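Work through the exercises below with the structure in view. Each task is followed by a solution in steps.

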Amino acid sequence: MNTRHESDRLHEDQDCIIIYVGKLADNPHWSFPTHKHDDLHEIIYVNEGQGSFTIDGTKHSVQKGDLLIYNKGTLHEERSDPEFPLSTFYCGFRFKEGTRGNKDWVVPPGSEPVVRANRYSEEIRSLMQTMFNEFSIREEGYDSVSHHLLNAVLVIIDRMSRYQHTAGEIVRSNTLANSIKDYLDTNYRQNIKLKDLADQFHIDFYYLIHMYKNCYGTSPYHYLIQRRMGEATRLLVSTKKKVWEIAKLVGYDNPNYFTILFTKTVGESPRSFRKRNQKDMFSDPSSN
């Protein structure tokens, strides 16, 4: 379902003019080929689900709480994840001529077009939801209310500008992701909590998750599991240690929880994996 409401002509004294407000939901196969808007800016808030957005040639994976910002003239392609269908609120608008000087953009050119989920996300969602409701019902004064709502969204985007990254900052983000990966590789046996990890590297919790996922295609939490299970498979094949011992060695005090995670990750239980892969290594040579 893609519900889009076009705007009537809004008040002449407003500094921005809303062209449309809409909501996308319940369409797992939704996609929009590469296009651009030469005469308007667009803001998209991801309410639920996941999707893939290619913006000016760079692919971005987005999920709940993320905000996409297209300055006018930005080439973009959009696609919903069939397994986790997108639900979004979106708004197209333009600034009234002469109100912004030569700054006819929502975020400065060169900034990241995706703002990852952060402490302002719920506020943005509420404002976008209310704007959509106003355009749906169109009671008297909806245009004025919608204008003020959009202005509030733009103010919050300005606040969130510290989460925007230029090309050079992206390189620094990748370097930071590498440092975090090195830390996980070295300390995977420890009881690592992502909140503590974010604090240790002096970054926002949500930024940690999205920055790492953008760099490696998986979250630090899932990488930690993969790292532990990879070590567990090595120990199961190359040693005669008991399963509970291996669980403890890779960072799990609860062997039952370890078994559940191992089975989910590898596709079979630790004992089954060991039996299938150790049969030659530990066979009795005299029996051959």
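**Exercise 1. The open sheet**

Find the order of the 4 strands in the open sheet of this predicted model, and state which strands form its edges.

Solution.
- Step 1. Reading across the open sheet gives the order β3-β8-β5-β6, and the pairing is antiparallel.
- Step 2. β3 (31-35) and β6 (58-63) each pair on one side only, which makes them the edge strands.
- Step 3. On average, neighbouring strands in this sheet are turned by 15° against each other, direction ignored.
- Step 4. For one pair in detail, take β5 (residues 50-55) and β6: 6 bridges link them in the antiparallel sense. Gly51 has Val62 of β6 opposite it.

**Exercise 2. Strand β9**

Determine which strands are joined to β9 by 8 bridges and by 7 bridges, and how many residues of β9 are buried.

Solution.
- Step 1. Strand β2 (residues 16-24) runs antiparallel to β9, and 8 bridges join the two. Within this pair, Ile18 has Phe93 as its bridge partner.
- Step 2. Strand β4 (residues 41-48) also runs antiparallel to β9, joined by 7 bridges. Here Glu42 stands opposite Gly92.
- Step 3. Of the 9 residues of β9 (residues 87-95), 8 are buried, so the strand is largely enclosed by the rest of the structure.

**Exercise 3. The nonpolar cores**

Identify the residues of the largest nonpolar core that touch the most other members, and the element that gives the most to this core.

Solution.
- Step 1. The core has 29 residues; those touching the most other members are Ile43, Leu67, Phe93, Met128, Met131, Leu150 and Ile157.
- Step 2. At least two residues each come from β2, β4, β7 (67-70), β9, α1 (121-137) and α2 (142-159). With 7 residues, α2 gives the most.
- Step 3. Take Met128 as an example. Setting aside neighbours within four places in sequence, Met128 is in contact with Ile43, Tyr45, Phe89, Tyr90, Cys91 and Val153.
- Step 4. Another core, of 17 residues, lies apart from the largest one, and Leu176, Ile203, Tyr207 and Tyr223 are among its members.

**Exercise 4. Two cysteines**

Decide how many disulfides the structure holds, and whether Cys16 and Cys91 are buried or exposed.

Solution.
- Step 1. A disulfide requires two cysteine sulfur atoms within 2.5 Å.
- Step 2. For Cys16, the nearest cysteine sulfur is that of Cys91, 8.2 Å away, and Cys16 is in no disulfide. Cys91 is in no disulfide either.
- Step 3. The count for the structure is 0 disulfides.
- Step 4. Cys16 is buried, with a relative accessible area of 0%. Cys91 is buried as well, at 1%.

Terms used:
Residues numbered from 1 in each chain as written. Predicted model: local features only at pLDDT ≥ 70, side-chain atom pairs only at ≥ 80, totals over all residues. Heavy atoms only, no water. Pairing = 2+ DSSP bridges. Axes fitted to C-alpha atoms, helices over the stretch in contact; angles between N-to-C directions. Buried < 20%, exposed > 50% of the residue type's maximum accessible area, 1.4 Å probe, protein only. Core = buried A, V, L, I, M, F, W, Y, C linked by side-chain atoms within 4.5 Å. Contact = heavy atoms within 4.5 Å.
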